[in-house]
Structure formats: structure tokens, C-alpha cells
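Hi everyone, thanks for coming. Let's have a look at this one together, starting with a single residue and then moving on to a pair of helices.

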Amino acid sequence: MAASIDSIADTVLGELEGVLSETAEWQSAVLAGWRVLREQRPHYHWVGLYLLEGNELRLGPFLGAPTEHTRIPVGRGVCGAAVAEGHNINVPDVTALDNYLSCSPSVQSELVVLIRDPRDERILGQIDVDSHKPAAFDADDEQLLERIARRLAEVPGIRVG
Ligand code: SME
């Protein structure tokens, strides 16, 4: 039986906590979390963190094919649109979008989940996940990434200012 979303979140967050307790390098901890997430969710072919700095998203730790989109202005692409519109975006078919920044021709669907500061709801960044399968993401995936996003919002280095 497939593991429940809660138990997958526990596993990913457990890994994150473990590495955070050993090192001040939060990027290593996030990367370790992404490794576990991809083991648990094999259809997540690319997983990355973007942090909002001013009017631009900057790529942080990611797992998957290298991307040229290391800086994305707010409003551009799916990632920038999520910030501009202030909500998560689930794209079942990226080829149907005009405002899409392609990382790889293999990507068919994408899910962006915002990371918000719990104190004031300010957007700190986002988790971006790509899949080579069409319509790969559903409400469970959003719930899973939201739990991870809530924890990431507490990590010094991600929560700045
Ligand atoms: N596809 C994204 C860009 C980021 S890459 O997928 C890693 C977008 O349209 O914003």
C-alpha cells in the first residue's frame, strides 16, 4: 500500500530535522529533504526551492536537471505568476500555457506551492516540482508540499528579514 501523505511528510521532515541538527548549512538539509521526497514520490522528476528576493525569485537547493531559470522575475512563468497572484499553481499540461518557462522538454506538468511567513503571511519563496507525466499532481501533493513549506518557513536562511 502506498504510504499516506502524512507519513511521507513525516519522513521528509524527519530527514530535514536530522540534517538541521547536525549542520548550520540549511541548504544541505533542504537537499537531503528533496532526496527523500523524490524517493517517496518518484514522479517528482525535478524538485527545487526558489526564494523571493525583492522582485525576483532566486533558485536555491534543487534536485534534477540543471535549469537556466536561476532568477525569475515576479509575474514571469508559473513560478513568478504564483507570487504575483498570491496562490499555489497546479499546471496539468505545461504545453498549454503561454506564460511558461521551460526547464526541459520532458516536463509535462508542474506544481508550485508558496512558502509564507506564518507571522504575517508574507511570501518567502516557493517549492517548485516538475513531472515528466501529464497531470501528475493533485490535492494530496499540494497538501504534502504545504506541510513541508510550513516547516521551511521556520528555517533561518529561508526566513530572512
Ligand atoms: N517552469 C517554471 C520555471 C522553473 S523550472 O520549471 C525549474 C516556470 O514556468 O516558472
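**One aspartate and two helices**

So, Asp-141 is buried, at a relative accessible area of 1%; buried means under 20%, with a 1.4 Å probe and protein chains only. Before I go on, this is a predicted model, where local features need pLDDT of at least 70 and side-chain atom pairs pLDDT 80 or more, while totals for chains, interfaces and linings use all residues. Residues are numbered from 1 along each chain as its sequence is written, and side-chain values use heavy atoms, without hydrogens or water.

Asp-141 sits in helix 4, residues 139–152 (helices are DSSP runs of H or I, at least four residues, numbered from the N terminus). What does the side chain of Asp-141 reach at 2.9 Å? That is the backbone nitrogen of Asp-138. The side chains of Asp-141 and Tyr-44 share a polar contact of 2.6 Å, that is, a donor and an acceptor, N or O, within 3.5 Å, where residues adjacent in sequence count only if both atoms are side-chain atoms. Beyond neighbours within four places in sequence, Asp-141 is in contact (heavy atoms within 4.5 Å) with residues including Arg-41, His-43 and Leu-111.

Now the helix pair. The axes of helix 1 (residues 5–22) and helix 2 (residues 26–40) come within 8 Å and cross at roughly 155 degrees; axes are lines fitted to C-alpha atoms over the stretch in contact, with angles from 0 to 180 degrees between N-to-C directions. So helix 1 is roughly antiparallel to helix 2, the term for angles over 145 degrees.

Conventions: Helix = DSSP H or I, 4+ residues; strand = E, 2+ residues; numbered from the N terminus. Parallel < 35°, antiparallel > 145°, perpendicular 65-115°, else oblique. Buried < 20%, exposed > 50% of the residue type's maximum accessible area, 1.4 Å probe, protein only.
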